Amino acid sequence: METTGLARDDRIISAAVYRLDARGAVEDHWYTLVNPERDPGPVWIHGLTSDVLEGAPLFGDVAEEFAARLDGRVLVAHNAVFDWQMIAREYARARREAPVRQRLCTIALAKELALPLPNHKLESLAAHFGVVQRRAHHALDDARVLAEAFRPSLHAAAAGSVRLPLQECRPLTEWADRPAARIGRQAGSGGGYRAAGSWRPARKRPACPYPNPGRYEVGKPLKQGMRVAFSGDTSTERELLEDRATEAGLHVATSLSRLTSLLVTNDPDSGTSKVVKARQFGTPVVDEAAFGQLLRDVAPADS
């Protein structure tokens with residue numbers, strides 16, 4: 001999949017699907033360009049110009065066929081949370097839901113298998129298994145490379161009784177109406193523009209009405225008023241996860257300090273500024289799944 005960028009209001013401009021059977025053998029494949037109705041973004045990376053995309057179908061035009069290829073399958077992707085969020089947003093804009101309930105990230109699988117990779121780029125995973133890339137950043141070839149690298153990964157996991165790192169895919173159900181935009185021109189082509197506005201309206205979060213009771217303690221419930229910060233990708237859309245925390249009476253913090261009660265991250269080894277500060281301050285860290293369990297039973301604030 002190629003996109004106009006990495007932000008929440010960026011769009012899909014090409015998509016490819018290789019369908020595999022339970023042993024990783026290829027059943028069929030599919031590819032399409034998508035008119036993003038806006039500036040195509042980093043053309044120097046994906047090579048898809050405004051002129052190429054202008055005659056392509058809109059996402060709504062390919063949504064049904066795309067869904068038919070995803071239906072009942074596990075979405076396998078390299079950095080799968082990004083692909084899922086992009087797909088889920090496109091379906092939300094189209095007033096539909098993608099029929100995907102689970103995803104598997106090949107980065108996470110490579111970590112579970114302890115593969116000796118220099119980094120977690122797709123090209124490194126491909127090289128490890130002797131898969132030749134022909135057109136990097138072309139959706140169809142990237143999907144082929146991933147399929148060929150996933151097959152031996154799947155077999156290695158089965159041989160070593162390694163669990164597959166499956167994650168839940170929760171569809172997005174919120175969207176904002178906005179005027180349809182025509183496709184833009186990429187920067188430097190003259191008359192360039194970028195469609196403004198996010199598909200989901202921004203809103204100011206209300207202040208937490210409870211005092212901060214201090215840090216979270218392992219084995220005990222969260223308590224209303226605790227300051228919670230998030231770092232990195234989450235399987236649930238970040239704003240929706242923050243909404244759940246706010247509704248439970250927690251204070252959602254945008255930064256991490258000595259007053260932060262808890263850091264939620266799925267990658268504690270990422271080295272982000274929040275993770276580094278959490279180590280320095282001794283702030284407790286849990287992953288998203290554990291946090292979801294804690295949200296089910298948040299203790300009331302002290303009276």
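Select Tyr-18 and His-29 in this predicted model: Tyr-18 stands opposite His-29, which lies in strand S3. Now extend the selection to the two strands around this pair. Strand S2 covers residues 12-20 and is joined to S3 by 7 bridges. The two strands run antiparallel.

Next, add strand S1, residues 2-3, to the view. Together, S1, S2 and S3 form an open sheet of 3 strands in the order S1-S2-S3. The pairing in this sheet is antiparallel. Its edge strands are S1 and S3 (26-33), each of which pairs on one side only.

**The second sheet**

Hide the first sheet and select residues 74-77, which make up strand S4, along with residues 102-105, which make up strand S5. S4 and S5 run parallel and are joined by 4 bridges. To inspect one of the pairings, label Leu-75 and Arg-103: Arg-103 in S5 is the bridge partner of Leu-75. Then trace the backbone from S4 to S5. The chain passes through helix H4 on the way, and this β-α-β crossover is right-handed.

Add residues 166-168, strand S6, to the selection. S6 runs antiparallel to S5, with 3 bridges between them. Here the residues to label are Leu-104 and Leu-166, since Leu-166 in S6 is the bridge partner of Leu-104.

With these strands displayed together, the open sheet can be followed in the order S4-S5-S6, and its pairing is mixed. S4 and S6 are the edge strands, each pairing on one side only. On average, neighbouring strands of this sheet are turned by 30° against each other, direction ignored. Display H4 as well: this helix packs on the sheet and touches S4 and S5. The direction of H4 makes about 145° with that of S5.

**Helices H3 and H4**

Keep H4, residues 80-93, on screen and select helix H3, residues 59-70. The two helices pack at an angle of about 120°, and their axes are 10 Å apart. That angle makes H3 oblique to H4. The crossing of H3 and H4 is left-handed.

Which residues of H3 and H4 meet? Show the side chains of Phe-59, Ala-63, Phe-66 and Ala-67 on the H3 side, and those of Ile-87, Glu-90 and Tyr-91 on the H4 side. By class, the residues of this contact between H3 and H4 comprise 6 nonpolar, no polar and 1 charged.

**Helices H8 and H10**

For the last stop, select helix H8, residues 238-247, and helix H10, residues 288-295. Their axes come within 11 Å and cross at roughly 30°. Why is H8 described as roughly parallel to H10? The crossing angle of roughly 30° falls under 35 degrees, the cut-off for this description, and therefore H8 counts as roughly parallel to H10. The crossing of H8 and H10 is left-handed.

Finally, show the residues through which these helices touch. Leu-241, Arg-244 and Ala-245 in H8 meet Glu-288, Phe-291, Gly-292 and Leu-295 in H10. Colouring this contact by residue class gives 4 nonpolar, 1 polar and 2 charged residues.

Note on methods. Residues are numbered from 1 along each chain as its sequence is written. This is a predicted model: local features need pLDDT of at least 70, side-chain atom pairs count only at pLDDT 80 or more; totals for chains, interfaces and linings use all residues. Side-chain values use heavy atoms; hydrogens and water are left out. Axes are lines fitted to C-alpha atoms, for helices over the stretch in contact, and angles run from 0 to 180 degrees between N-to-C directions. Angles under 35 degrees count as roughly parallel, over 145 as roughly antiparallel, 65 to 115 as roughly perpendicular and the rest as oblique. A crossing is left-handed if the near helix is turned anticlockwise from the far one by less than a right angle, and right-handed if clockwise. Contact means heavy atoms within 4.5 Å. Ala, Val, Leu, Ile, Met, Phe, Trp, Tyr, Cys and Pro count as nonpolar, Asp, Glu, Lys and Arg as charged, and the others, Gly among them, as polar. Two strands pair if DSSP finds at least two bridges between them. A crossover is right-handed if, with the strands pointing away from the viewer, the path from the first strand over the helix to the second runs clockwise.
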